[in-house]
Amino acid sequence: MSTKEMFSKERVNFDLKSNTKDEVIDELIDLLVKDGKVSDRDEFKKAVLKRETEFSTGIGMGIAIPHGKSNAVIEPSIAFGRSDKGIDYKSMDEKPAYLFFLIAVPEKSSDLHLKALSEISRRLMHSEVREQLTKAQTFEEFIKAFD
Amino acid sequence: MKFVAVTSCPTGIAHTYMAAEALQMAAKEMGHEIKVETQGSVGAENVITDKDLKEARAVIIAADTNVDKSRFAGKPLIEVGVQEAIKDPKGLIERAMNLKQSSNLTDQVKEIKSEQKQKRTGIYKHLMTGVSYMIPFVVGGGILIALGFALGGIYVFKSTTTVAATIFWTGKASFALMIPILGGYIAYSIADRPGIVPGMVGGYLASNNGSGFLGALVAGFIAGYLVLLIKKYIRLPKSMDGLMPVLIIPVLSIIVMGLVMGFVINQPLAYFNKALMGWLSGLKGANAALLGAILGGMMALDMGGPVNKAAYAFGTATLGSSGQLSPIMAAVMAAGMVPPLAIALSTVITKKKYTVAEREAGKAAWALGASFITEGAIPFAASDPLRVIPSIIVGSAVTGGLSMMFNCALAVPHGGIFVLFIPNVVSNLPQYIISILAGMVVSAVILSAVKKNIE
């Protein structure tokens, strides 16, 4: 499965309401649960938070890439969220995060999520990509950034 | 130009690839070629081949984890944290471009030392700044004192008029300044120029009133932060601004410094100093050897780094306080000579286990070790730390322990082989030389035994 295929228009939210790191993780997990990609929200959240304790997924430049590998994940998928006001994510550069990618992979998916992460990280180094993501209003505009 | 790079971050997910991407983008813009090997959670991808390495001008390592550098030995190499590659990839590539091509050993050592200097922050940085200003006073003074003894015999200090005596007393003068300088430049590191006054005055008070090296250390920090406080809370109208550095800060800071030193610092620290010196001189036999071994091991553990500097500073401090020959200083210098000497010996007795470049570097290491430039071992340690560092720690510990056991003592803080034969600089010279040789041989044998054969 390619990284692009892990996105879907049911799993994007261009106007996150959350104010804190914990809330935004919840808001993103909701997208996955509603879309039927995650079967047990609490178990998946545990996996995501466990990963957070190892090392903040707030990688700086306004981006956060929380992720979790868990049996509660039915199908590999990514939820994208954008908060225009920014959320304090305890990021490495101590600045707020505006673009969020929540990556969910099943327990047995070997390195799929790592591949997705590496691809996304590479793309996000390009300022045009970040700009497109900041401006996108529809899923079509969003997915163009990953062409 | 072609470059190779390795990126690696502890979690191996995002930053590894971001750094790689950043370097690739920057190289493209600059018209260079770069091959970036990523060491992420999936393992190494895009691995650098021998051919890539041969064609590359320099190696860039952007990593927050330990990357095995042994395959890059001989190539100009620059190592930074992952964030730096992400933030300023172009600057990084430029620095890589400007790396000296013919990395002979002394150049490599110089580069490593300046990289180390840049990485220091905070309390450690202030301390090291002070120490780095202090050391030339100690070394210059110490050697002159030794020369004075050499030219004028052991009673040279009874006179003040002969050439030998003049040299001796000049050395003493330089020595006397070391403690105020320590205090002054620790404060300078914290608070810049205005810190120098209270720092040096505090240091001088410390040296005069028995709290010595430690007192000056404390004084330096107090002085520095004191000046920062004064600068923060005392606000003058603009017209009187000029008075701050010339009048207000000096007066305020020295008054506080003097009171603090006199009523708070000096007594307890002087007492501590005396106790420490008393304990040290009472050390005999097994305890002395143990201390020597520990100090010796410290010298080899992180050459040029904080542990090594702490042991060395301890050695010089004992010189400052007692003035005459110090067994601690002897152990420290002997142990510090061992790492480069041992490596040099190893490259000779097991030629086959070293590359041509390393054997050449080994020749330089003889000279560096003999001159007590412990850092001569760093490039070897950096390229094969798991084998080199334990081997040299053992030998240096042996040397330190033996030196203390044989009651060798040293009057000067530096000079290596060049001061050994000046009369009155080393006590129990034959045993001292044996200590050094013993450690050198032990380390060399261990290192040669564990070194892998070159394929």
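Visitor: How many residues are in the largest nonpolar core?
Guide: This is a predicted model, where local features need pLDDT of at least 70, side-chain atom pairs count only at pLDDT 80 or more, and totals for chains, interfaces and linings use all residues. Residues are numbered from 1 along each chain as its sequence is written, chains are lettered from A and ligands numbered from 1 in written order, and side-chain values use heavy atoms, leaving out hydrogens and water. A nonpolar core is a set of buried Ala, Val, Leu, Ile, Met, Phe, Trp, Tyr and Cys residues joined through side-chain atoms within 4.5 Å, with buried meaning under 20% relative accessible area (1.4 Å probe, protein chains only). B:Met333 and B:Tyr432 are among those with the most contacts inside the largest one, and its residue count is 64.

Visitor: Which helix gives the largest share of this core?
Guide: Helices here are DSSP runs (H or I, at least four residues), numbered from the N terminus. The share is 11 residues, and they come from chain B, residues 327-349: that's helix H13.

Visitor: How many residues of the contact between H11(B) and H16(B) are charged?
Guide: Contact means heavy atoms within 4.5 Å. B:Ala288 and B:Gly292 are among the H11(B) residues here, and H16(B) brings residues including B:Ile389 and B:Gly400. Counting Asp, Glu, Lys and Arg as charged and Gly among the polar ones, the contact has 12 nonpolar, 6 polar and, for charged, no residues.

Visitor: What area is buried between chain A and chain B?
Guide: Buried area is the accessible area (1.4 Å probe) that two parts lose on being put together, summed over both. Carbon and sulfur atoms give 75% of it, and the total is about 1,400 Å².

Terms used: Buried < 20%, exposed > 50% of the residue type's maximum accessible area, 1.4 Å probe, protein only. Helix = DSSP H or I, 4+ residues; strand = E, 2+ residues; numbered from the N terminus.
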